Amino acid sequence: MAEYELKTKNSDETSQFAERLAAFLQPGDVIALEGDLGAGKTTFTKGLAKGLGIKRTVNSPTFTIIKEYQGRLPLFHMDVYRVADSLEDLGFDEYFEGNGVTVVEWAHLIEEQLPGDLLTIYLYHEAEGQRKIVLDPNGPRYEQLCKEIFQ
C-alpha cells in the first residue's frame with residue numbers, strides 16, 4: 001500500500017490537517033501515532049478532537065493511559081509510553097472494536113495488541129515548528145480514507 005505525505009509549517013497547520021481528517025473518520029477507526037517526544041502527537045490529537053466536535057480540553061493521557069472524550073464520535077486517546085508489558089491485557093481490544101475513534105500514541109509499544117487494519121501516522125521534526133506527516137494505511141478502509149483526504 002502507498003504512503004501519503006504532507007508537510008506543515010507550524011502546529012496550527014498540523015492541527016488543521018488532523019481536524020480535516022476527523023471528517024472522514026467512522027466508528028471503529030484506529031489511528032496509531034508515532035514520533036519522537038515533541039513531534040506533535042498530542043497536537044495532532046487535539047486537532048482530531050476539534051474535528052470530532054469535542055469541546056473539552058484534550059491533553060496527553062501519559063499517566064492515566066486512556067482518556068475518553070465525547071463528540072460526533074467518541075474519542076479514545078491512549079498514550080502507551082508507560083505500559084511496562086506490551087502483552088499485559090488492559091482491554092485495548094474493547095476500544096479498538098468500539099463505537100468510537102481510537103488514537104494510540106507510541107503504538108509500536110503494544111504492536112501485538114493492535115488490530116491488523118489501522119492508519120499509522122508518523123510525525124517528524126523538519127525545522128522550527130515544521131513537521132513532515134506520513135500516513136501509512138493498513139487495510140482497504142484506510143487506503144480509501146487516505147485517497148479521499150489527498151484528492
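1. Two strands count as paired when DSSP finds at least two bridges between them. With that in hand, take β2 and β5: they pair in the parallel sense over four bridges. Keep in mind as you look that this is a predicted model. Within this pair, Leu 33 stands opposite Glu 105 in β5.

2. How much can you trust the picture? The mean pLDDT of the protein is 88, and 91% of its residues reach 70 or more. Confidence is highest in β2, at 96, and lowest in helix α3 (residues 92–96), at a mean of 76. As a habit for any model of this kind, coordinates should not be read in detail where pLDDT is low.

3. Now zoom out to the sheet. In what order do its strands run? The open sheet has seven strands, in the order β1-β7-β6-β2-β5-β4-β3, and the pairing is mixed. At the edges sit β1 and β3 (66–69), each of which pairs on one side only. On average, neighbouring strands are turned by 20° against each other, direction ignored. If the word "mixed" puzzles you, remember that strands of a sheet pair through backbone hydrogen bonds, either parallel or antiparallel.

4. You can find both kinds of pairing here. β1 and β7 are antiparallel and share five bridges, with Glu 5 opposite Val 134 in β7. β2 and β6, on the other hand, pair in the parallel sense over four bridges, and here Leu 33 stands opposite Ile 121 in β6. Strand β4 (residues 75–79) and β5 are parallel too, over five bridges, and Asp 79 is found opposite Glu 105 in β5.

5. Compare how the side chains of β1 and β5 are placed. Along β1 they alternate: Tyr 4, Leu 6 and Thr 8 point to one face and are buried, while Glu 5 and Lys 7 point to the other and are not. In β5, Val 101, Val 103 and Glu 105 point one way and Thr 102 and Val 104 the other, but all are buried. Because five of the five residues of β5 are buried, this strand is largely enclosed by the rest of the structure.

6. Helix α4 (residues 140–149) is worth a closer look. Which of its residues are buried? They are Tyr 142, Glu 143, Leu 145, Cys 146 and Ile 149. These cover an arc of only 160° around the axis, so they lie on the same side of α4. The general rule behind such patterns is that an α-helix has 3.6 residues a turn, so residues three or four places apart point the same way. What covers this buried set includes β1 (4–8), α1 (11–22), β2 (30–34), β6 (118–127) and β7 (130–138).

7. What about the inside? The largest nonpolar core has 45 residues, and those with the most contacts inside it are Leu 21, Ile 31, Phe 44, Leu 48, Leu 119, Ile 121 and Leu 135. That fits a common trend, since nonpolar side chains tend to be buried together in soluble globular proteins. Try Ile 121 as a starting point: leaving out residues up to four places away in sequence, Ile 121 touches a list of residues that includes Leu 21, Ile 31, Phe 44 and Leu 135.

8. Ala 32 is another good one to click on. This residue lies in strand β2 and counts as buried because its relative accessibility is 2%, below the 20% cut-off. Among the residues that Ala 32 touches are Val 104, Ala 107, Leu 119 and Ile 121. Its C-alpha atom is also separated by 9.7 Å from that of Glu 111, although the two residues are 79 apart along the chain.

9. Thr 45, found in helix α2 (residues 41–51), is a buried residue with 0% relative accessibility. Not counting residues up to four places away in sequence, Thr 45 touches Leu 33, Val 58, Leu 75, His 77, Val 103 and Glu 105.

10. One oddity to finish on: what is unusual about the phi of Trp 106? Trp 106 has a positive phi of about 65° although it is not a glycine. For background, most residues other than glycine have a negative phi. Trp 106 lies in the loop between β5 (101–105) and β6 and is buried, with a relative accessible area of 12%.

Terms used:
Residues are numbered from 1 along each chain as its sequence is written. This is a predicted model: local features need pLDDT of at least 70, side-chain atom pairs count only at pLDDT 80 or more; totals for chains, interfaces and linings use all residues. Side-chain values use heavy atoms; hydrogens and water are left out. Buried means under 20% relative accessible area, exposed over 50%, partly exposed in between (1.4 Å probe, protein chains only). The arc is that of the directions from the helix axis to the C-beta atoms. Contact means heavy atoms within 4.5 Å. A nonpolar core is a set of buried Ala, Val, Leu, Ile, Met, Phe, Trp, Tyr and Cys residues joined through side-chain atoms within 4.5 Å. pLDDT is the predictor's confidence in each residue, from 0 to 100. Axes are lines fitted to C-alpha atoms, for helices over the stretch in contact, and angles run from 0 to 180 degrees between N-to-C directions.
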